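Let's take a walk through this protein together. Have the picture ready and follow along as we go from helix to helix.

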Amino acid sequence: MDSSINPEKLHHFTHKHEHDEEGNKMFGFIIFLLSESVIFLSFFAGYIIYKSTTVNWLPSGVEGLETIAPTINTIILVSSSFVIYFAERCLQRQNLQGFRLFLLATMVMGSYFLYGQVVEWSELQFGFTSGTFGGMFYLLTGFHGLHVLTGILLQCMILIRSFIPGNYDTGHFGVNSTSLFWHFVDVIWIILFLLIYVWQ
């Protein structure tokens, strides 16, 4: 009986195992994003219901929200989805320098968005306790901002790992899941922008 192992069969089995494992991880991550979507959808539903039924929706002395700066921030954040996509493509082509460059650009754009949000909060004439609108505004934008911060930290982690030799030779789950999370954050913000800033 020949007990030798065919190297080609072993490589095929190992590659298939790694592919299945990465697929299972991505499936689990998508389930996580779906659970996050349910939370945001419940917030959206609450916002719509409260806005449709509350007589004095805006706090006293507030006529509406300024939209120019939030629009600029929105353009920057949404554009960062394209930038992180280019980072993924560079990694697929084993262009680590391009990957790091586009990933760093994504982090800068996300950080600018958070900075813009902090500046906006500091200039608002109402607080978290200023009626239903005040509470919903800070809850929605703050919860989303926390997700943006999480996305930036994840990008920082995969950027650091890119300097480990051969780190991405066996798969790109960390990069792909981080990119998917960032796209999710951008889509959520588009909905928030429409609800809070456009539908005033």
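## Two helices side by side

Start with α3 and α5, whose axes come within 13 Å and cross at roughly 30°. Angles under 35 degrees count as roughly parallel, so that is how we describe α3 relative to α5. Keep in mind that you're looking at a predicted model. If you wonder about the two numbers, packed helices are described by the angle between their axes and the distance between those axes. The crossing of α3 past α5 is left-handed.

Who does the touching? On the α3 side you'll find F99, T106, G110, F113, Q117 and E120, and on the α5 side V175, W182, W189 and Y197. Sort the residues of this contact by character and you get six nonpolar, three polar and one charged.

## The big nonpolar core

Now look inside. The largest nonpolar core holds 41 residues, and Y47, F99, F137 and I196 are the ones with the most contacts within it. Which elements give two or more residues to this core? They are α1 (7-53), α2 (68-92), α3 (96-123), α4 (131-161) and α5 (173-198). The largest share comes from α5, with twelve residues.

F99 is worth a closer look, as it turns up both in the α3–α5 contact and among the core residues with the most contacts. Leaving out residues up to four places away in sequence, F99 touches A87, C90, L91, I158, S162, Y168 and V175.

## A buried threonine

Next, find T178, which sits in helix α5. Is T178 buried or exposed? Its relative accessibility is 4%, so T178 counts as buried; the cut-off for that is under 20%. Setting aside residues up to four places away in sequence, the neighbours T178 touches are I84, G151, L154, Q155 and I158. You've met I158 already: F99 touches I158 too.

## Out in the open

Hop over to Q94, in the loop between α2 and α3. With a relative accessible area of 70%, Q94 is exposed. Check the backbone there as well: the phi of Q94 is near 60°, a positive value in a residue that isn't glycine.

Last stop: I30, in helix α1. I30 is partly exposed, at 37% relative accessible area. How far apart are I30 and F173 in sequence and in space? Along the sequence, 143 residues separate I30 from F173, while their C-alpha atoms are 12 Å apart in space.

Technical notes: Residues are numbered from 1 along each chain as its sequence is written. This is a predicted model: local features need pLDDT of at least 70, side-chain atom pairs count only at pLDDT 80 or more; totals for chains, interfaces and linings use all residues. Side-chain values use heavy atoms; hydrogens and water are left out. A nonpolar core is a set of buried Ala, Val, Leu, Ile, Met, Phe, Trp, Tyr and Cys residues joined through side-chain atoms within 4.5 Å. Buried means under 20% relative accessible area, exposed over 50%, partly exposed in between (1.4 Å probe, protein chains only). Helices (H or I, at least four residues) and strands (E, at least two) are DSSP runs, numbered from the N terminus. Contact means heavy atoms within 4.5 Å. Axes are lines fitted to C-alpha atoms, for helices over the stretch in contact, and angles run from 0 to 180 degrees between N-to-C directions. Angles under 35 degrees count as roughly parallel, over 145 as roughly antiparallel, 65 to 115 as roughly perpendicular and the rest as oblique. A crossing is left-handed if the near helix is turned anticlockwise from the far one by less than a right angle, and right-handed if clockwise. Ala, Val, Leu, Ile, Met, Phe, Trp, Tyr, Cys and Pro count as nonpolar, Asp, Glu, Lys and Arg as charged, and the others, Gly among them, as polar.
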